[in-house]
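Here are two short exercises to work through with the model open in your viewer. Try each task before reading its solution.

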Amino acid sequence: VVYTQSEILQREVYLFERLDSPNREPMKHLKAICFLRPTKENVELLAQELRRPKYSVYFIYFSNVISKSDVKALAEADEQEVVAEVQEFYGDYIAVNPHVFSLNLLGCCRGRSWDPAQLTRTTQGLTALLLSLKKCPMIRYQLSSEPAKRLAECVKQVITKEYELFDFRRTEVPPLLLILDRSDDAITPLLNQWTYQAMVHELLGINNNRIDLSRVPGISKDLREVVLSAENDEFYANNMYLNFAEIGTNIKNLMEDFQRKKPKEQQKLESIADMKAFVENYPQFKKMSGTVSKHVTVVGELSRLVAERNLLEVSEVEQELACQSDHSSALQSVRRLLQSPRVSELDAARLVMLYALRYERHGSSGLPALLEELRGRGGSDRYRKLVSAVVEYGGKRVRGSDLFSPKDAVAITKQFLKGLKGIENVYTQHQPLLQETLDQLIKGKLKDSQYPYLGPNTLRDRPQDIIVFLIGGATYEEALAVFNLNRSNPGVRIVLGGTTIHNTRR
């Protein structure tokens, strides 16, 4: 995710192999660099490799802390003394954006408690992140969540056990790790998105920066899977947080710019200088041509899906459910869309889920009727079950926070003024709960009673380095909120992580 194959080739690494691929040929003239997670399986595979080495020398890097007993097992296997060095190089997580990471874990809890294997993996990922950023943090967690407390304790245990590794130079204000639970805000992952990166993930799905476009009508062979990475795609880096209308304009400018730079077909290459200029500019041109065709295809497909699934109308009702509290209007809107043949089954179910989360305790709740309607669409019972599962996961009974009601007069006025700013923002009124939590944390107002510290010490100053981790997955809408908070609070650095990055399907 963070280093392309062509970048590795520039470092004169010409062969890429997996440790577990069976029929690798011996190549004694090559040195091998191994980069592995220190799992039991990997250590065993590496021991087998060292007993019958295929390369002349081995440089071994583990992406996390490795136990002494595993190092001993490898030393015993290395009878031919081919190992030149063994290092720990902490990178046991997926760096998604400059301020966002994921562990690519789906389904980390069973009911309200951790799956033990996933708890171990999450602890490893989080401690590797702290080691790679050189942070020994104070830890706060969401009190209403048992998994958050468990994870906080596990991370603390590792820090205590490996205290020599975590002995970093002290900063004036210690860094802070805040552990939250997705179930406190089940609304955010269910909403349609309108900024580029979040929208691509919602409608097409981003997997380790790759997008599968194979289902796009009439797609050419070389665009069936494309990479979207801000590291080596300038257009994406500049547009990932912009909304859909702006991206349309920027794509048009990109196209026009490209047209201007096109090498003229009939351009006569008469002199050597002409040829030289053509050859020098051609790679630049080819790269730009690739960028243009990629983004035009992606944006074109997003537009097609928005129109086909009537998403503007659907999204408006979603935002109304998430941000306003007019029950009868909301119920009418959801009913109307459930009866529309243009609304897909997934979108219909999503609207009912949002309604159920918002009005589960309303006196005149229309939920039973909506569930009947969902069934009447010829839909399976699966979606009906999902609606109750979502409420069980993120309903009022479970939440430790006040997800829906504005806290005071000031907040209500803010909402109202935001509403006045113009109808074009009707699709992006919603702010994830995380935005408010981090806002309070930065101002030093986050309540200890809801987010206690682990251990006796507390921060006296406002935090500067914040790592926030969401058990059950983060979203690109929250990544956008963190990006904006980092921009508007100089001196504060926030990194967001989650067990995965969600969209509605996930």
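**Exercise 1. A pair of helices**

Find how the axes of helix α8 (residues 244-261) and helix α9 (residues 272-308) cross in this predicted model, and describe the contact.

*Solution.*
1. Start with the axes: those of α8 and α9 come within 10 Å, and their crossing angle is roughly 150°.
2. Angles over 145 degrees count as roughly antiparallel, and α8 and α9 are therefore roughly antiparallel to each other.
3. Next comes the hand: α8 and α9 make a left-handed crossing.
4. Now list the contact residues. On the α8 side they include Phe-244, Ile-247, Ile-251 and Leu-254. Among those of α9 are Phe-285, Met-288, Val-292 and Val-296.
5. Sort the residues of this contact by type: 12 are nonpolar, three are polar and two are charged.

**Exercise 2. A sheet and its helix**

Work out the strand order of the open sheet of three strands, and place helix α2 (residues 40-51) against the sheet.

*Solution.*
1. The strand order is β1-β2-β3, and the pairing is parallel.
2. Look at the edges: β1 (31-36) and β3 (83-88) each have a single partner strand, so one side of each lacks a neighbour in the sheet.
3. Check the twist: on average, neighbouring strands are turned by 10° against each other, direction ignored.
4. Follow one pairing in detail. Six parallel bridges join β1 to β2 (residues 57-62), and Ile-33 has Phe-59 of β2 as its bridge partner.
5. Finally, add the helix: α2 packs on the sheet and touches β1, β2 and β3. The direction of α2 makes about 175° with that of β2.

Terms used
Residues numbered from 1 in each chain as written. Predicted model: local features only at pLDDT ≥ 70, side-chain atom pairs only at ≥ 80, totals over all residues. Heavy atoms only, no water. Pairing = 2+ DSSP bridges. Helix = DSSP H or I, 4+ residues; strand = E, 2+ residues; numbered from the N terminus. Axes fitted to C-alpha atoms, helices over the stretch in contact; angles between N-to-C directions. Contact = heavy atoms within 4.5 Å. Parallel < 35°, antiparallel > 145°, perpendicular 65-115°, else oblique. Left-handed = near helix turned anticlockwise from the far one by under 90°. Nonpolar A, V, L, I, M, F, W, Y, C, P; charged D, E, K, R; others polar.
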